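Me: Could you go through this model with me? I'd like to talk over a few residues and then the way the chains are arranged.
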Amino acid sequence: MSTDMLVADLLAEIERIPLIDSHSHIDPLAPTSRSLDDILSYHYYTELAHSSGMSHAPLAADVPPRQRVRAILEHLERFDNTAQASWLREIVRVFLDEQVERIDPADADWLFDASERIFGKPDWEEEVLRRSGIERVFLTNEFDDPLERYNTRRYVPCLRTDTIVFGWQNPSVQQRLAQTTGVEVGDAGTLRVALAKVFERFVAHGAKACAISLPPDFVPRADATAGSPPAVFWMVAQMCREHRLPFDLMIGVNRNVYRGGVHQGRDLFDQRTSLIQYAELFNAFPEVMFPVSVLTSVQNQELVSYAWIFPNVLTHGHWWYSNIPVYIADDLRARLQAVPKIKQLGYYSDMYKLEFGLPKFAMYRRILARVLADDLVRPKLLSETQALELARLLLRDNVQRIFGV
Amino acid sequence: MSTDMLVADLLAEIERIPLIDSHSHIDPLAPTSRSLDDILSYHYYTELAHSSGMSHAPLAADVPPRQRVRAILEHLERFDNTAQASWLREIVRVFLDEQVERIDPADADWLFDASERIFGKPDWEEEVLRRSGIERVFLTNEFDDPLERYNTRRYVPCLRTDTIVFGWQNPSVQQRLAQTTGVEVGDAGTLRVALAKVFERFVAHGAKACAISLPPDFVPRADATAGSPPAVFWMVAQMCREHRLPFDLMIGVNRNVYRGGVHQGRDLFDQRTSLIQYAELFNAFPEVMFPVSVLTSVQNQELVSYAWIFPNVLTHGHWWYSNIPVYIADDLRARLQAVPKIKQLGYYSDMYKLEFGLPKFAMYRRILARVLADDLVRPKLLSETQALELARLLLRDNVQRIFGV
Amino acid sequence: MSTDMLVADLLAEIERIPLIDSHSHIDPLAPTSRSLDDILSYHYYTELAHSSGMSHAPLAADVPPRQRVRAILEHLERFDNTAQASWLREIVRVFLDEQVERIDPADADWLFDASERIFGKPDWEEEVLRRSGIERVFLTNEFDDPLERYNTRRYVPCLRTDTIVFGWQNPSVQQRLAQTTGVEVGDAGTLRVALAKVFERFVAHGAKACAISLPPDFVPRADATAGSPPAVFWMVAQMCREHRLPFDLMIGVNRNVYRGGVHQGRDLFDQRTSLIQYAELFNAFPEVMFPVSVLTSVQNQELVSYAWIFPNVLTHGHWWYSNIPVYIADDLRARLQAVPKIKQLGYYSDMYKLEFGLPKFAMYRRILARVLADDLVRPKLLSETQALELARLLLRDNVQRIFGV
């Protein structure tokens, strides 16, 4: 890309936009990695190593971190073509040693040592955020997560509701609900009371969004049997309306498809899903903003059209299996050509450790710069200045405005 | 694109091909816009403005046109990234003032005045057609539309059958059928008699096609209950066979999905549809040509394969939500690589006012020139001359031959 | 492409990799064409000619080959834009006369004569393989095919099981089963005995794979009614496990959709299919490798994700309606960015006559060189050497390792 001056110019400016990361799995009390083990234990690496032939043995809790790092790195060459492997190389080069061209299993020990030393620096969290250009990070909180003890302006709470919608009838969940709300939940009525208390607590602690991931065949319904997932989901949407929280929908994932998979490496999807399943929801809650994440490019084509028509439907990031350059580029191009620019939330990291923000946003920004240059600036649809204003909306301003941060 | 001489050369030649627009919603008695209000009232702008936050208020019938133009232009900046906004800029620059780089709400009044003055010129219709390079335009006619009083060689009648197939049991439709055919329709038998008269009248007035738009779950069937939509559809196909009319299928739209949407801005789709639903139809009517329009790229992938196998299935334009550059390019490339060139109907405008023909066909021609250059001429699959012959088939000759105009 | 030195360099090196063709329909006793008639009788040409208006008449068995060649060439100009037409031109130029730019119907006679003379040379089979760079070719064998009388190291037997899974209850199939295994098949139990003998015979004769093509709605099940296709399929998977044979799944084809089509030109697909239908299979047989072929890019997006998660799911070639440059490029790019490189089986010819290996693999290699350059080498994700190692995995080493040839 170095020879394309327009792309390089756009990228340089885009890199100066302070980021707000609208979805992550960061633990605010342990936001950074302790060592390369935390990096390589990210499910992208464990699942690709397992898919390439690695057994579960190195992943057991009692395996020493250094040994696990060796085991995963021994399989890395088998998937060094992947986008995920390129994130790892970027992390190693940026944070550990800029000379590393190729990560060799023989380097496991000194890389591990270097990572412990560098990640252990007292200001590491600040340094990672600063070097990544990330200002704020949305969390993924269980309904009974503690929300005190950390800076909720930096780490913005977000109420994840999968457990309540799909599992509230589970006794252990009811026990946790009782503990955090004081309400003994036994039916839809008491569930509503408890849920209201959950929302109140979250909003009081600065929560800026509610979120849920949904299977491909899910259809929200106002008239579903009380207590069933579609009905509880509807109840959650009502709470979002009441508390003016956007409701992030992550649509299309089936859980535990590969039962022998590694932790967090068992889920897959069924492309036969449609946003038409959500039409009644979008109609019924015009006051609620729905940032929508999808898993395939044909769902993205639907999303582009739904966001073009429904005022309350927004495009949100490039999720999971769609978060590789070829799909990001295709999906982004369609969004830029057909969705009002104020309705696009460009990208989120989905990360578990802060170190991943840098390579993931870098990947997105490179694609964004290239698409802006080729699709909008070169055909004279937007000036370079307008293209950069657009980039700023996607990476920062829209998140700020939609979520009210 | 200015630096790519091959693309520029191809484009210059392609622009000389006189166009036949095989699908539009032109009113032949009021084909052009009276002012910028008619331009901005096109549903693409009202729905994008509404989706970006504009209320319904400015769209009420009693709002003065000048005021509506101001309201919509005040929202334009929110979706100035879209392909639709680029059509507007091209219309303004080509027809109103070539100096306009960016349409500012502050320009609403003088643009409105200029549009009234220019669009009001006595030869405006001729001028628009001439500058757009459009020779003939297919219409979309209700079964009881008057077909006299205009030049049906320029404005080719096309019988749209949605109302009959899905609504013939509606008393008001039966009344209209009685009025136009003299037949009191009460069952499938009398419907057939009335329909035959409708077809006879259309053919006598120069109609060259029959057309219908269909929901994603529609399945035509010879053995459906008499009078049901699949059975009436089958009856229409029989009439097409009898009268040697191609039957345009526009597959996949659900009506009124967003109930609070603006006029014509309420429809969306469900990607879970397949041309396999039409296999029996294509088998049963080998004498009928079926130009097929679809809404997603995965349906386009099916369409490419069905047009490659079935002699009576043709690819037809780039419809609605697929009519943005990224999807046009992808869908076109696949068609050019796998569908016999004599079976591709390249593009239609779908326009309501003639001024839109220019920017829409211009968008298509630019993409076509680029794809011909990159996919066919540069890899030496076709010579430049052959590529231009191909372009002529797509933009003119195939429409002429298939529809017999 | 001639001006892109990186692509040219990569391509030159890729062309030196000796190919193993993991799926074809070659008859090992008549592997090459006798004349241009065998080339043009490939269903890609007969179906495109028929789709473009050619009747069935020239395809009748009693039509002289020379006359059939004339008839098909008379229709060629109608589909000379297609990828399939480009394969034909490459065959003619490489094997018959390098001066031919465009194949004119007037050339039919001398081309036919030249083809008879050249294809009739005593060492033609060797020459074709040598010039195509193909070392080994997998076959598609019916369960009772003779496996003697040819070099099974060059022509690797592969047990195709469609007939058994979907047709074993057909008396003629039971008769053939009895003939080849000595087992009178009447129920699931006796079928298992016969099937075991079939597998034993195939493995003894060097078979390296089992294969099947499946309709879009197929769902393999352990608990299906005994003798039903899902249950017999499950039985075949058990045999694959026992005999350590990979099981090629070719997912998504509906047979005989266009009933009036030419031989082998009647099948089409329904895009509404998902690999989730195979999740139980992939879970139940972790020891069996499943090279999977799909028909659409959205299925490819699923396949990329399933191959990334399931250790026993592999991407396999670019099948049938997806085997055109635009879909190959899109599908390949996604695989290269997200599937471990050791799990990708790059390309197979699907050919009936050896002459097609050259243009088909050439098409794939050109796309591969371009994608490697643009997506991996230029963004510095892989070095040029690593990219070539990757190409070798895709074109040779992975086939060798997975199938054990």
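Reply: A definition to begin with: buried means under 20% relative accessible area, exposed means over 50%, and partly exposed lies in between, computed with a 1.4 Å probe on protein chains only. By that rule C:R221, at 42% relative accessibility, counts as partly exposed.

Me: And what kind of model is it, and how are things numbered?
Reply: This is a predicted model, in which local features need pLDDT of at least 70 and side-chain atom pairs count only at pLDDT 80 or more, while totals for chains, interfaces and linings use all residues. Residues are numbered from 1 along each chain as its sequence is written, chains are lettered from A and ligands numbered from 1 in the order in which they are written, and side-chain values use heavy atoms, with hydrogens and water left out.

Me: Back to C:R221, which residue does it form a salt bridge with?
Reply: C:R221 forms a salt bridge with C:D223, the closest N and O atoms being 2.8 Å apart; the term stands for a side-chain nitrogen of Lys or Arg within 4 Å of a carboxyl oxygen of Asp or Glu. C:D223 is exposed, at a relative accessible area of 56%.

Me: How many salt bridges are there over all chains?
Reply: The count comes to 81 over all chains. Among them is the one between C:R392 and C:D397, at 3.5 Å from N to O, where C:R392 is partly exposed at 35% and C:D397 is partly exposed at 24%. In chain A, salt bridges also link A:D4, A:R370, A:D374 and A:R378 in a network.

Me: Now C:L394, buried or exposed?
Reply: C:L394 is buried, with a relative accessible area of 2%, and it lies in helix α16 of chain C, residues 384-403, where helices are DSSP runs of H or I with at least four residues, numbered from the N terminus.

Me: What is C:L394 in contact with, leaving aside its neighbours within four places in sequence?
Reply: Taking contact as heavy atoms within 4.5 Å, its partners include C:L332, C:L336, C:L345, C:Y347, C:Y364 and C:L368.

Me: Different topic: what superposes chain A on chain C?
Reply: A rotation of 120° with 0.0 Å of shift along its axis does so, with an RMSD of 0.0 Å, the fit being by least squares on the C-alpha atoms of residues with pLDDT of at least 70 in both copies. That is the relation of a three-fold axis.

Me: Which residue of chain A comes closest to the rotation axis?
Reply: A:R272 does, with its C-alpha at 3.6 Å.

Key:
Helices (H or I, at least four residues) and strands (E, at least two) are DSSP runs, numbered from the N terminus.
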